[in-house]
Amino acid sequence: MEDFTGFVCYVLKSTMKKVERHIIKGLDQFGVNMAQSFILFCLLENDGSTLSEIGNRAQIENSSLTTMVDKLEREGLVERRLCTQDRRVIRLYLTEQGRAKGQEIFDIGLELNNMFRAELGDCREDFMKGLHIISATLDSIENQAS
């Protein structure tokens, strides 16, 4: 019988748990979790995004997104505003504090990402290509099941 700890899915999950533990330790000082930091990053890229745009970009389910945004709003990092063109649409904006905190977290994340890139060296492109292949394979399986 093949050792399951050599399965691609197992190695991905195990590695991601280590990444998350490392990131969570760094984010504790900011009072946000990893998904909330992704919300801030989305707004750094495109302030005034809708919740669905943020959910799609950050890969966060709508039910979780609302709770996370509520917390970020209570912390004074973001604010909701009705869209002037369509009052049914709510847009999310960074506050001054949210922009500063988001940028600081992003810079730390970029530093970690650059370290990973350096460690991967010449195999970085192949590694990223492999991850995209796995993702596309899973999308294909999911589409076939629908």
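1. The largest pocket of this model, which is a predicted one, holds about 1,800 Å³ of space. Its lining is made up of 39 residues, and those that lie nearest the centre of the pocket are Met16, Val19, Phe38, Asn113 and Phe116. Anyone wishing to inspect this pocket in the viewer could take these five names from the centre of the pocket as the point of entry.

2. As to where the lining of the largest pocket comes from, four helices each supply at least two residues, namely α1 (8-28), α2 (34-45), α5 (96-120) and α6 (124-145). The helix that gives the most is α1, from which 13 residues of the lining are drawn. Sorted by class, the lining of the largest pocket consists of 23 nonpolar residues, eleven polar residues and five charged residues.

3. The second largest pocket has a volume of about 250 Å³, and the residues that line this second pocket are Phe38, Phe41, Cys42, Glu45, Arg57, Ala58, Gln59 and Phe106. Two elements give two or more residues to the lining of the second largest pocket, and these are α2 and α3 (51-58). Helix α2 provides the largest share, with four residues. By class, the lining of the second largest pocket divides into five nonpolar residues, one polar residue and two charged residues. Phe38 deserves a remark here, for this residue is named among those nearest the centre of the largest pocket and also appears in the lining of the second largest pocket.

4. Gln59, which belongs to the lining of the second largest pocket, merits a separate check of its backbone. The residue sits in the loop between α3 and α4, and its phi angle is near 60 degrees, a positive value in a residue other than glycine. With a relative accessibility of 71%, Gln59 counts as exposed, because the term applies to residues with over 50% relative accessible area.

5. On the surface, Val8, Leu12, Phe127, Met128 and Leu131 together make a nonpolar patch of about 400 Å². The elements that give two or more residues to this nonpolar patch are α1 and α6, and the largest share, three residues, comes from α6. Val8, one of the residues of the patch, has its place in helix α1. Both helices recur from point 2, since α1 and α6 are among the elements that supply at least two residues to the lining of the largest pocket.

6. A search of the whole structure finds seven salt bridges, and three of them are set out here and in the next point, beginning with those of Arg80. Arg80 forms a salt bridge with Asp70, in which the closest N and O atoms are 2.8 Å apart. Arg80 lies in strand β2 (residues 78-82) whereas Asp70 lies in helix α4 (residues 62-74), so this pair ties together parts that are ten residues apart in sequence. The side chain of Arg80 also meets that of Glu73 in a salt bridge, with an N to O distance of 2.5 Å. How exposed are the partners? Arg80 has a relative accessibility of 26% and counts as partly exposed; Asp70, at 30%, counts as partly exposed; and Glu73, with a relative accessible area of 30%, is likewise partly exposed.

7. A further salt bridge joins the side chains of Arg81 and Glu79, at 2.6 Å from N to O. Arg81 is partly exposed, with a relative accessible area of 38%, and Glu79 is partly exposed with a relative accessible area of 30%. Through salt bridges that share partners, Asp70, Glu73 and Arg80 are joined into one network.

8. For the overall frame, the secondary structure of the protein comes to six helices and three strands, which follow one another along the sequence in the pattern α-α-β-α-α-β-β-α-α. The C-alpha trace spans about 60 × 40 × 25 Å along its principal axes. The protein has 146 residues, and 23% of these count as buried, a class that is set at under 20% relative accessible area.

Terms used. Residues are numbered from 1 along each chain as its sequence is written. This is a predicted model: local features need pLDDT of at least 70, side-chain atom pairs count only at pLDDT 80 or more; totals for chains, interfaces and linings use all residues. Side-chain values use heavy atoms; hydrogens and water are left out. On a 1 Å grid over the protein atoms alone, a cavity is a set of points where a 1.4 Å probe fits but cannot get out, and a pocket is an open set with protein on both sides within 12 Å along at least five of seven lines; lining residues have an atom within 4 Å of a point. Grid points are joined across faces, edges and corners, and a volume is the space filled by probe spheres set on the points. Ala, Val, Leu, Ile, Met, Phe, Trp, Tyr, Cys and Pro count as nonpolar, Asp, Glu, Lys and Arg as charged, and the others, Gly among them, as polar. Patches are made of residues with over 30% relative accessible area and no salt bridge: like charges are joined within 9 Å, nonpolar side chains (Val, Leu, Ile, Met, Phe, Trp, Tyr) within 5 Å. Accessible areas come from the Shrake-Rupley method with a 1.4 Å probe; for residues, only the protein chains shown count as cover. A salt bridge is a side-chain nitrogen of Lys or Arg within 4 Å of a carboxyl oxygen of Asp or Glu. Buried means under 20% relative accessible area, exposed over 50%, partly exposed in between (1.4 Å probe, protein chains only).
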